[in-house]
Amino acid sequence: MYYPQQSPGIPHKLANHHDNNPWRLPMLVQQPGGQTAVGPPPPSPGYALYTNGALQHHPHHPLQHPPLQHHHQNSMSHYPSPPNQHTHQQHLLAAQGSPASATPVVSPQWQNQLMKCEMVRASRSPHHRARASAMASRTVTKSAIPITNPNLVKPPPPAEQPNGNAEASPDSSPVNGNGTVVSQRPSTPGPLVEASRPTAIKPPENTWTSLDMGGVNIKNLPSTSGLFRFTFLINLYLNHNALQSVPPEISKLRHLELLDLSGNGLSSLPPELGMLTQLKELYLFDNHLTTIPPQFGSLHQLQTLGIEGNPLDQMLKSIVQKDGTRALISYLRDNCPVDFDPPERVWKTLLSPAEEEALAKDPNVETCSIMCYNILCERCATEKIYGYTPSWALAWSYRKQRILDEIIKYDVDFLCLQEVDIAQYEDFFTPNLAQHGYEGVFWPKSRYKTMKEADKRLVDGCATFFKADKYKLVEKHLLEFSALAMQRQDFKKTDDMFNRVLGKDHLAVVSLLENKITGTRFVIANTHIHWDAAYRDVKLVQVALLVEEVEKIAHHFAKYPPPAPPGFVPPTPSITEAPVANGVEDASDASASATSPDGIEASSPSQSQPQTPAPSYRPPPIYTDGSKIPLIICGDFNSLIPSGVYEFLNNGSVPPTHEDFMSHTYGRYTSEGIRHRLGLKSAYSAPGAPGDLLITNHTSTFHGHIDYLWYSAANMSVNKVLGEIDPAYLEKVVGFPNPHFPSDHVSIAAEFRIKAPRETAPPRPPPNPTSAS
């Protein structure tokens with residue numbers, strides 16, 4: 001960082017007398033009386049400063065210095081400018097409105113560009129920023145008796161930043177002996193932080209975050225340089241050296257917010273610079289650049305792209321001059337070519353060849369497959385959050401077909417989607433998935449109940465689809481975590497429950513299904529947990545409430561009598577509705593109209609086709625309790641593997657003093673701890689699965705494994721899982737969504753084989769048809 005004014009005690013920085021670069025020679029300025037003085041370099045040889053539409057010549061003219069050959073182009077190439085031979089008097093006439101000059105008003109963006117350009121040119125001496133920072137940080141000797149102004153109004157305290165730290169003054173950055181500035185940050189803020197999404201990963205802790213290597217005549221920066229191991233850097237100054245190129249490895253410095261490459265001999269830039277999405281200031285002044293890589297369109301937080309002093313393509317330069325850096329970034333982003341397609345994701349088999357062969361020969365083996373996918377609802381897919389995504393690839397009209405293609409490609413038995421809004425469910429997913437044999441159950445978040453009809457259609461929720469020719473829906477449940485918390489006696493008197501839990505309307509949809517041929521039952525829970533890491537306690541409470549309810553539902557489901565033998569057709573087939581879900585009658589949802597968002601089920605052409613009886617009748621399984629029923633809990637848990645949520649689901653318990661409770665009070669949860677007896681395991685933690693390497697959420701500020709497929713290991717085993725995205729591809733993309741992946745999340749899928757329970761129902765004869773009525 002540098003400062004608009006010169007630092008105390010450094011009125012002028014003298015150039016090295018051994019340096020023959022004309023930009024580093026002292027500027028002799030004629031003063032009244034015939035004396036000369038040393039002054040800063042001119043703003044740019046051969047052009048005047050434009051201020052509010054008027055020409056204003058640099059105040060230090062006439063200058064006596066060697067001809068400058070570094071600059072390639074007039075700073076205002078598409079505006080009329082005086083030639084290099086114009087005299088001081090001609091400039092003054094132009095400034096006074098001479099008829100010969102017609103100068104349009106210069107945009108504020110370009111004025112800001114020229115101002116920063118001059119500040120960069122003034123910092124060409126070795127370690128200029130580090131020296132200025134060191135001088136500014138020196139303490140000033142105070143008088144023994146300080147004299148204060150009694151009428152002086154105290155300035156307000158510095159504003160608190162989103163990360164909880166007050167913004168530090170530029171003058172408070174110490175410097176070490178190697179020219180390293182400590183903890184300087186650019187003064188230009190970036191766009192708003194992402195909303196409703198996992199937050200950015202902080203840079204590694206270090207005592208210094210800025211490095212000034214400017215003005216030391218560096219000629220080469222090898223790709224093996226140790227500089228690229230300094231991933232904690234926030235500011236990097238490589239200005240006024242002799243660099244002819246920049247290696248692609250600079251993209252490893254993902255936390256950079258300011259990069260200065262001005263005053264070098266660069267004729268091209270590596271496209272990998274587009275990976276530095278935290279950049280807010282990128283200075284490329286006074287190089288030999290003729291174009292900007294289109295990959296720079298992903299620099300969505302960039303405030304200033306310094307291009308002055310380059311023979312840049314006129315169209316690109318005019319965009320910056322007229323509309324500023326943001327307009328150029330948007331243009332590059334939307335016109336960046338799609339270079340390559342990622343390798344296809346493949347199923348990873350977790351069985352040995354012998355096990356596969358044995359299963360293939362077993363006619364009684366039963367398998368099921370499931371996919372979990374947060375599709376990114378249309379309301380959240382905004383340029384403010386995903387500024388690195390081309391606008392055409394962010395539009396729902398493009399993304400919806402890519403999402404559908406992904407679903408149909410894997411053709412699973414159960415499909416659990418999150419962030420499906422009412423309009424998408426009714427108008428797109430229900431009719432399109434019905435053509436492929438799916439029926440569905442859906443509930444939106446409870447906020448829709450208080451909204452107008454037009455607004456409620458944008459409210460998202462969870463949707464579960466199943467193959468209607470293979471399974472039938474027995475029962476469905478809506479679990480609203482805030483309502484469940486209100487029903488708990490031990491929660492009602494705690495402030496934490498009111499202040500933290502009740503304000504979140506996250507939910508889960510639980511579907512009870514049955515195989516039409518074998519009679520095997522399934523409990524499928526589809527959920528979306530709160531996203532904010534500052535509410536880790538709420539995440540843990542929501543998951544604990546979910547597991548408690550699933551255990552109750554499964555236990556109740558086990559008491560149902562086994563299904564009738566194949567071929568028996570009841571007179572009035574219907575779906576049994578759960579009597580109560582969070583205090584809301586589920587039957588009211590089933591009787592809703594076709595436009596109601598509650599409990600809508602997709603019709604399927606397969607309903608009108610008679611089912612083929614199984615060639616041999618096997619007695620359906622009997623479930624003595626809910627733990628014997630195959631169970632899958634999946635969704636977007638917004639929790640990494642090292643978290644209380646993962647520990648609870650994987651280990652079965654969490655102590656009351658767990659750090660993720662964050663010292664808040666939640667009744668018995670924080671007095672006795674939480675536990676379950678479902679015996680859950682993550683499908684991707686099975687031997688041979690990607691495990692910790694899996695990335696299910698990938699954006700410019702976050703990537704990690706936060707979506708899970710949990711299954712009851714006592715009665716299910718994993719056959720195969722859908723493999724991860726190619727790591728080499730992930731290294732070359734800023735984040736999702738992009739033209740290849742339509743959501744910021746990645747779908748996960750698995751195939752399971754069912755372990756038959758030990759008890760089975762005895763064979764029973766078909767019922768008497770006459771008594772069926």
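Strand 7 (residues 235–237) and strand 8 (residues 258–260) run parallel and are joined by three bridges. Strands here are DSSP runs (E, at least two residues), as are helices (H or I, at least four residues), and both are numbered from the N terminus. Across this pairing, asparagine 235 stands opposite leucine 258 of strand 8. The structure is a predicted model, in which local features need pLDDT of at least 70 and side-chain atom pairs count only at pLDDT 80 or more, whereas totals for chains, interfaces and linings use all residues. Residues are numbered from 1 along each chain as its sequence is written, and side-chain values use heavy atoms, with hydrogens and water left out.

Strands 7 and 8 belong to an open sheet of five strands, ordered 6-7-8-9-10, with parallel pairing; two strands pair if DSSP finds at least two bridges between them. The edges of the sheet are strand 6 (210–212) and strand 10 (304–306), each of which has a single partner strand, so one side of each is left without a neighbour in the sheet. From one strand to the next, the twist averages 5°, with axes taken as lines fitted to C-alpha atoms and angles running from 0 to 180 degrees between N-to-C directions.

Helix 3 (residues 128–137) is mostly covered, as seven of its 10 residues are buried, that is, under 20% relative accessible area, where exposed means over 50% and partly exposed in between (1.4 Å probe, protein chains only). The buried residues of this helix are His128, Arg129, Ala130, Ala132, Ser133, Ala134 and Ala136. Their cover includes helix 2 (108–121) together with strand 6, strand 7 and strand 8.

The chain as a whole has 17 helices and 27 strands, and 52% of its 773 residues count as buried. Of the contacts (heavy atoms within 4.5 Å) with a separation of 6 or more, 74% are between residues 24 or more positions apart.

The largest nonpolar core, a set of buried Ala, Val, Leu, Ile, Met, Phe, Trp, Tyr and Cys residues joined through side-chain atoms within 4.5 Å, holds 59 residues, of which Phe429 and Phe752 touch the most other members. Beyond its neighbours within four places in sequence, phenylalanine 752 is in contact with residues including Glu366, Ile370, Ile632, Tyr711 and Val718. Another core, of 45 residues, lies apart from the largest one and has Ala485, Leu540, Val543 and Val645 among its members.

Aromatic pairs number 26 in the structure; rings of Phe, Tyr and Trp (its six-membered ring) pair if their centres lie within 6.5 Å, and planes under 30 degrees apart count as stacked, over 60 as edge-to-face and the rest as tilted. One edge-to-face pair is formed by tryptophan 392 and tyrosine 398, at 5.4 Å centre to centre and with 85° between the planes. Tryptophan 392 counts as partly exposed because its relative accessibility is 35%, and tyrosine 398 counts as partly exposed at 24%. The pair of tyrosine 646 and tyrosine 708 is tilted, because the ring planes lie at 55°, with the centres 5.6 Å apart. This pair links distant parts of the chain, 62 residues apart, with tyrosine 646 in helix 15 (residues 644–651) and tyrosine 708 in strand 25 (residues 707–712). Tyrosine 646 counts as buried at 13% relative accessibility, and tyrosine 708 counts as buried at 2%. Elsewhere, ring pairs link Phe340, Tyr729, Phe736 and Phe741 into a cluster.
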